[in-house]
Amino acid sequence: MLSAYHLHYTYPEAGQLHSVLHDVSLELKHGEQVALVGSSGSGKSTLLNLLGGLDQPAAGQIFLNGQELTALKEPALTVLRRQQIGFIYQQFNLIPTLTVAENIVLPLSLLSIPAAQQQERLAFWLNAIHLPTRARVFPDQLSGGEQQRVAIARALIHQPALVLADEPTGNLDAKTGQLILDLLFNLAKQLQQTLLVVTHSKTVAERAERILVLQEGVLQTHPNDLAW
Ligand SMILES: Nc1ncnc2c1ncn2[C@@H]1O[C@H](COP(=O)(O)OP(=O)(O)OP(=O)(O)O)[C@@H](O)[C@H]1O
């Protein structure tokens, strides 16, 4: 469902081009749950941003469900992201001035889904993340784990084909992180969404069906043999 071919990513600094990703190719199957690991600075977040259409590679192609993401320009790229991709971040990134309910339905509002349908789906998701009574509170009234549950609902509510998570448990204690992980992996599986999770945690990576390892911008072909 997601294919990337020969991705290169560079940035200019002090008159030189620095390479972050070098000839990265990968394929994710429909409904697959994959972890992306590698040491700090190896290019994991950069790769996630390219796959999510948030940034463009210097060279290479990315296809999402047959559509070439790397051939799209704004605003078509934004439309594709809104329809097909859900993002989850370490810092939760909820909008502080919106309530829990408003944060969760935001992707539906952006897609102009009718209000009645939004409320129906909201009720389902408040239950799915075990926060049925917190719809009207604001993010700063929630714990970190609760905020991340809201962020998960917001990332999945529009039924995206692809869910990209960057260190989703990085800001949580071990026990809360485990609960968040269970919720994310179980819901994505139930909804047959493809999940790619960037992580430094072995616990997180071991939940995945497959582990991709980046080393200094190069994707390793035999990741199981490597220490990371
Ligand atoms: N546009 C840019 N300008 C300057 N540096 C950049 C740019 N894009 C990426 N980099 C550099 O590329 C390297 C890879 O960054 P990236 O955030 O992708 O790594 P990472 O593997 O996710 O690291 P971490 O695990 O610490 O989050 C870093 O050294 C980063 O500073």
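This report walks through a predicted model of a protein chain with a ligand, starting with the whole chain and moving on to a few of its parts.

## The chain as a whole

Let's begin with the overall picture. The protein chain has seven helices and ten strands. Its radius of gyration is 18 Å, close to the 17 Å that the globule rule gives for 228 residues, so the chain is as compact as a globular protein of that length. Along the principal axes, the C-alpha atoms fill a box of roughly 50 × 40 × 35 Å.

What share of the 228 residues is buried? Buried residues come to 37%. The contacts are also worth a look: of those between residues at least 6 apart in sequence, 71% join residues at least 24 apart.

## Strand S9 and its partners

A good place to look next is strand S9, which covers residues 210-215. Strand S3 (residues 33-37) runs parallel to S9, and four bridges join the two. One of the residues involved is Val 37, whose bridge partner in S9 is Val 213.

S9 also pairs with strand S10 (residues 218-219), this time in the antiparallel sense and over two bridges. Here Leu 214 stands opposite Leu 219 of S10. S9 and S10 form a hairpin with two residues between the strands, and in this hairpin Glu 216 takes a positive phi near 45°.

## Around the ligand

Now to the ligand. Which residues surround it? They are Tyr 11, Val 20, Gly 38, Ser 40, Gly 41, Ser 42, Gly 43, Lys 44, Ser 45 and Thr 46. By character, this shell divides into seven polar residues, two nonpolar and one charged.

Helix H1, made of residues 44-51, gives the largest share of the shell, with three residues.

## Helix H5 and its surroundings

Helix H5 spans residues 144-156, which makes 13 residues. From its first C-alpha to its last it reaches 19 Å, close to the 18 Å expected at 1.5 Å a residue.

Is H5 mostly covered or mostly open? It is mostly covered, with eleven of its 13 residues buried. Among them are Val 150, Ile 152 and Leu 156, along with Glu 146, Arg 149 and Arg 154. The elements that the buried residues of H5 pack against include both strands and helices. The strands are S6 (85-89) and S7 (162-166), while the helices are H3 (100-110), H4 (115-128) and H6 (174-190).

Terms used. Residues are numbered from 1 along each chain as its sequence is written. This is a predicted model: local features need pLDDT of at least 70, side-chain atom pairs count only at pLDDT 80 or more; totals for chains, interfaces and linings use all residues. The radius of gyration is taken over C-alpha atoms; the globule rule is 2.2 Å times the number of residues to the power 0.38. A residue is buried if 20 or more other C-beta atoms lie within 10 Å of its own, exposed if 12 or fewer, and partly exposed in between; C-beta atoms are placed from the backbone. Two residues are in contact if their C-beta atoms, placed from the backbone, lie within 7 Å. Two strands pair if DSSP finds at least two bridges between them. A residue is near a molecule or strand if its C-beta atom, placed from the backbone, lies within 6 Å of it. Ala, Val, Leu, Ile, Met, Phe, Trp, Tyr, Cys and Pro count as nonpolar, Asp, Glu, Lys and Arg as charged, and the others, Gly among them, as polar. The expected span of a helix is 1.5 Å times one less than its number of residues.
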